[in-house]
Amino acid sequence: MEDSNSKELYLEDRRWMQRCLDLASRARGQTSPNPLVGAVIVKEGKLVGEGYHKKAGDAHAEVVALNQAGSNARGGTLYVNLEPCCHYGKTPPCTKQIIAAGIKRVVVAIEDQNDLVCGKGITELKAAGIDVEVGILSEEATKLNEVFFKHMRTKKPFVLWKVASTLDGKVALQNGQSRWITSQEARKEVHQLRAEYDAILVGSGTILADDPMLNVRPLPEGFSHPVRVILDTSARVSPEAKVFSEPGGVVLWVVGKDAQIPKIPNVPEICEVVRSPEEEIQIEWLLTELGRRKITSLLLEGGPTVVASFVEAKAIDKVQWYLAPKLIGSEGRSALGKLSIEEMARVPELVHTTIRQIGVDFCIEGYPVWETKGG
């Protein structure tokens with residue numbers, strides 16, 4: 001009987017934690033630099049309150065759920081996909097409000113990796129006599145907040161390389177023509193991805209060849225355009241480029257130490273020149289600089305040379321590759337430039353891969369491992 005009850009409780013915990021994750025996902029791309037958090041309060045098997053964190057500065061998910069539950073929260077169970085905070089920031093500590101509400105049990109998917117919390121919230125709840133359980137759907141909760149956790153650990157942005165190519169890995173014809181390799185459905189998804197990321201990055205070659213705007217079209221309600229980062233060691237980009245005049249996020253024009261910057265007429269308020277401390281732009285320095293500016297996520301859409309520099313620096317956290325069922329041939333332009341790899345054991349490999357169909361295209365997602373055991 002005890003084993004049966006334990007199994008039933010475990011299944012109930014998974015059910016309600018999944019609800020937390022679903023709620024948290026509703027704010028994807030809108031909470032930066034904060035994490036995605038959902039909370040559910042259950043009493044006697046019934047939902048009495050729920051909520052999610054909508055954006056930085058707004059009430060945390062636990063508080064939204066507590067407010068909805070009111071007096072029904074007393075004696076109930078609180079489910080939350082991230083450890084409740086225990087410090088004063090833009091909002092008061094959630095732990096104190098959970099304790100004051102008379103919550104009897106708290107189920108947490110994963111501990112917070114913010115040094116200000118990181119186990120302290122759980123300890124405070126236990127000290128108040130609340131039964132706390134940690135680990136339900138922890139893998140799913142970790143993936144949901146992979147951007148937040150990377151930034152917390154390293155103070156650098158999570159880097160996603162987004163690429164669209166033919167089956168033979170080509171991103172354009174020999175003459176540079178690339179519109180359109182992928183379907184309308186895939187392109188629509190990419191614009192949603194841009195809306196969810198803090199910044200988008202390309203090199204000067206992409207600006208010179210395609211003159212992109214690097215914005216979100218159309219911009220969904222509640223979202224903002226990403227910061228537009230241009231890597232341009234020698235300041236080759238023309239001040240007349242669309243990126244400097246079309247609506248969109250602030251432009252960070254990253255140039256080498258001694259680059260000569262031409263004047264940009266009429267739009268100085270949207271462009272900031274960022275000089276590298278060295279003649280060549282080092283990727284690790286760049287990511288540190290972006291992290292310092294509270295950029296937690298970076299969408300890498302650069303050409304083969306820029307992407308190769310990120311690969312060489314082992315600075316890509318995730319790959320999202322859109323494959324169109326088309327063939328261009330060996331004379332087409334490749335997605336990735338030259339790499340200094342001479343052993344198969346050093347060839348980057350994607351793990352935890354998934355594949356799904358979107359329109360007539362396929363999307364492969366995975367996480368790079370930079371060195372294998374040769375197997």
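A polar contact is a pair of N or O atoms within 3.5 Å; within protein, one atom must be able to donate a hydrogen and the other to accept it. Keep that in mind for lysine 318, whose side chain makes such a contact with the side chain of glutamate 146, at 3.2 Å. What you're looking at is a predicted model. Let's walk through a sheet, two nonpolar cores, a couple of helices and some unusual backbone spots.

**Lysine 318**

- You'll find lysine 318 in strand 13, which covers residues 318-324.
- Is this lysine buried or exposed? Lysine 318 has a relative accessibility of 8%, and the cut-off for buried is under 20%, so lysine 318 counts as buried.
- Its surroundings are a mixed bunch: leaving out residues up to four places away in sequence, lysine 318 touches Lys143, Glu146, Phe158, Val159, Leu160, Trp161, Glu365, Gly366, Tyr367 and Pro368.

**The five-stranded sheet**

- Strands of a sheet pair through backbone hydrogen bonds, either parallel or antiparallel.
- Here, five strands form an open sheet in the order 2-1-3-4-5, and the pairing is mixed.
- Which strands sit at the edges? They are strand 2 (46-52) and strand 5, each of which pairs on one side only.
- Going from one strand to the next, the twist averages 15 degrees.
- Strand 1 (residues 38-43) and strand 3 (residues 77-80) run antiparallel and are joined by four bridges.
- To see a bridge for yourself, find alanine 39: its bridge partner in strand 3 is valine 80.
- Helix 2 (residues 61-69) packs on this sheet, where it touches strand 1, strand 2 and strand 3. The direction of helix 2 makes about 140 degrees with that of strand 2.

**Two nonpolar cores**

- In soluble globular proteins, nonpolar side chains tend to be buried together.
- The largest nonpolar core in this model has 43 residues, and the ones touching the most other members are Met17, Ile41, Tyr79, Ile98, Ile103 and Val106.
- Which element gives this core its largest share? That's helix 1 (residues 2-25), with six residues.
- Apart from that core lies another one, of 28 residues, including Leu252, Val274, Val311 and Val319.
- Zoom in on isoleucine 98 from the largest core. Setting aside neighbours within four places in sequence, isoleucine 98 is in contact with Glu62, Leu66, Leu78, Pro84, Ile103, Val106, Leu125 and Ile130.

**Helix 4 and its surroundings**

- Helix 4 spans residues 120-127, and Gly121, Ile122 and Leu125 are buried in it. Looking down the axis of helix 4, you'd see these buried residues fall within an arc of 100 degrees, so they line one face of the helix.
- Thr123 and Ala127, on the other side of helix 4, are exposed.
- What do the buried residues of helix 4 pack against? They pack against helix 3 (94-100), strand 4 (105-108) and strand 5 (131-134).
- Isoleucine 99 belongs to helix 3 and is partly exposed, with a relative accessible area of 32%. Not counting residues up to four places away in sequence, isoleucine 99 touches Glu124, Leu125, Ala128 and Ile130.
- Just after helix 4 comes glycine 129, with a positive phi of about 90 degrees. Isoleucine 99 and glycine 129 are 30 residues apart in sequence, and their C-alpha atoms are 8.9 Å apart in space.

**Backbone oddities**

- Most residues other than glycine have a negative phi, and most peptide bonds are trans.
- A cis peptide bond joins serine 32 and proline 33, with omega about 5 degrees. Proline 33 is in the loop between helix 1 and strand 1.
- Another cis bond runs from arginine 217 to proline 218, with omega near -10 degrees. Proline 218 is in the loop between helix 8 (204-210) and strand 9 (227-231).
- Aspartate 211 lies in the loop between helix 8 and strand 9 and has a positive phi of about 50 degrees, though it isn't a glycine. Its relative accessibility is 25%, so aspartate 211 counts as partly exposed.
- Leucine 214, in the loop between helix 8 and strand 9, has a positive phi near 60 degrees. Leucine 214 is buried, with a relative accessible area of 2%.
- Lysine 294, just after helix 9, takes a positive phi of about 65 degrees. The buried residues of helix 9 itself (residues 283-292) are Ile283, Leu286, Leu287, Glu289, Leu290 and Gly291.

Notes. Residues are numbered from 1 along each chain as its sequence is written. This is a predicted model: local features need pLDDT of at least 70, side-chain atom pairs count only at pLDDT 80 or more; totals for chains, interfaces and linings use all residues. Side-chain values use heavy atoms; hydrogens and water are left out. Buried means under 20% relative accessible area, exposed over 50%, partly exposed in between (1.4 Å probe, protein chains only). The arc is that of the directions from the helix axis to the C-beta atoms. Contact means heavy atoms within 4.5 Å. A nonpolar core is a set of buried Ala, Val, Leu, Ile, Met, Phe, Trp, Tyr and Cys residues joined through side-chain atoms within 4.5 Å. Two strands pair if DSSP finds at least two bridges between them. Axes are lines fitted to C-alpha atoms, for helices over the stretch in contact, and angles run from 0 to 180 degrees between N-to-C directions.
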